[in-house]
Amino acid sequence: MKKTIKVWSFLLATLLMVLPLAGCGGTASSRDESSQQTPSSSQPDASLPDASLPEAEKTQINVIGLKGPTALGMLQVMEKNEAGEAANDYTISLAGAPDEITGKLISGEVDIAAVPTNLASVLYNKTEGGVKLLALNTLGVLYMVTKNEQVASVADLKGKTVYATGEGSTPQYALEYILRQNGLEPGSDVEIVYKSEHSEILPLMLNGEVTVALLPQPFVTQALAKDEGIQVALNMTEEWDKCVNGQSQLTMGCVVVRTAFLEENKEAVDRFLEEYAASVEFVNGHVEEAAALSGKFEVIAQEVAAKAIPACNIVFWEGEPMKKAAEGFLNVLFQANPQSVGGKLPDEGFYYEK
């Protein structure tokens, strides 16, 4: 009997020594062994999702783009966002003209915007570094189209009236640069009439009121489809190349971000860029599917987009390729008209590097 009592006393003492150690947690291996041997009601049911691995919270980002090529590049992002499959929670809107975007970007109403490349520089200077260039998304898409007019060269524009859009942005400054490089002075040798939207010009061409117009894709495709008398007279990308001798590229559109938003949401912005790059690849590689999305999101009518996308020069250039192309383009504009880039060339802070 005494032997039995001694055994129980020894066991009780051992238990009292172990309990404080268990309360302190022990080593990782001991915790693993304990969890395997003694199931606890606090552990998650194996049949349920692992509560210890919550889904990363999505960042709300307000994005705006111009109807046309700059928005075409975002089509897959728009589709994934609608399905709830995008990496961030986007609110995406479209504008008909650059001036509709400028105020919203400066005020903080939007975080990321697709705008003309020269406007990005203007905004950077105007806001003293308040925006950064994320990527180039569109190269040359401008064409001179005519109806009942003979225009075989830039010199043939002398004495004519050209209707155009994009006053104060890339189309205006690219056109003026090309004219001057060919010995023509805008306003005296060539009259230029600006409209706020491309859609205003086509009806005027159809009724014969306008005979020469500067239009971007996909509106060129739309014009050719509506009237057989309308034809492409000049590819302005080719005319630009003749003027610069390979020293720059006609980079029509880009994507910018508010600097303050970027500083607080760098990872979310990087996720956006990854999705945007994939979207551009999708649009260029799956034209028919992209055209269907274009119609769905009312960017461009599906039948027009299907023909125009291959001619829209949609790209995704970031990092050093973006910087090199943008610097060359902006320098040409600055030499021609400093105000076209905001009075001075942007410094290194303009270009975003991951």
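These exercises work through a predicted model of one protein chain.

**Exercise 1. The chain as a whole**

Find how many helices and strands the chain has, and what share of its residues is buried.

Solution.
- Count the elements: there are 15 helices and 11 strands.
- Take the burial next. Of the 354 residues, 47% are buried.
- Now the surface. The accessible area is about 18,000 Å², with 51% of it on carbon and sulfur atoms.
- Finish with contact range. Take contacts between residues at least 6 apart in sequence; 79% of these join residues at least 24 apart.

**Exercise 2. Helix α7**

Compare the span of α7 with the expected one, then decide whether the helix is largely enclosed or not.

Solution.
- α7 covers residues 170-181, which is 12 residues.
- From first C-alpha to last it reaches 16 Å, close to the 16 Å expected at 1.5 Å a residue.
- Apply the burial cut-off, under 20% relative accessible area.
- The residues that pass run from Thr170, Pro171, Gln172, Tyr173 and Ala174 to Leu175, Glu176, Tyr177, Ile178 and Leu179.
- That is 10 of the 12 residues, so the rest of the structure largely encloses α7.
- Look just past the helix: Gly183 has a positive phi of about 80 degrees.

**Exercise 3. The strands around α7**

State how β6 and β7 run, and give the handedness of the unit they make with α7.

Solution.
- β6 spans residues 161-164 and is joined to β7 by four bridges.
- The two strands run parallel.
- One pairing to check: Tyr163 has Val193 of β7 as its bridge partner.
- β7 itself spans residues 191-194. Ile192 and Tyr194 form its covered face, while Glu191 and Val193 form the uncovered one.
- Put the pieces together: β6, α7 and β7 make a right-handed β-α-β unit.

**Exercise 4. Helix α4 and Gln76**

Identify which elements the buried residues of α4 pack against, and which residues Gln76 touches.

Solution.
- α4 runs over residues 75-82. Its buried residues are Leu75, Gln76, Val77, Met78 and Asn81.
- These pack against α3 (69-72), β2 (89-95), α12 (266-285) and α13 (287-296).
- Focus on Gln76, which lies in α4.
- Its relative accessible area is 18%. The cut-off for buried is under 20%, so Gln76 counts as buried.
- Leave out residues up to four places away in sequence: Gln76 then touches Ala278, Ser279 and Phe282.
- After α4 comes Gly84, with a positive phi near 75 degrees.

Terms used. Residues are numbered from 1 along each chain as its sequence is written. This is a predicted model: local features need pLDDT of at least 70, side-chain atom pairs count only at pLDDT 80 or more; totals for chains, interfaces and linings use all residues. Side-chain values use heavy atoms; hydrogens and water are left out. The expected span of a helix is 1.5 Å times one less than its number of residues. Buried means under 20% relative accessible area, exposed over 50%, partly exposed in between (1.4 Å probe, protein chains only). Contact means heavy atoms within 4.5 Å. Two strands pair if DSSP finds at least two bridges between them. A crossover is right-handed if, with the strands pointing away from the viewer, the path from the first strand over the helix to the second runs clockwise. Accessible areas come from the Shrake-Rupley method with a 1.4 Å probe; for residues, only the protein chains shown count as cover.
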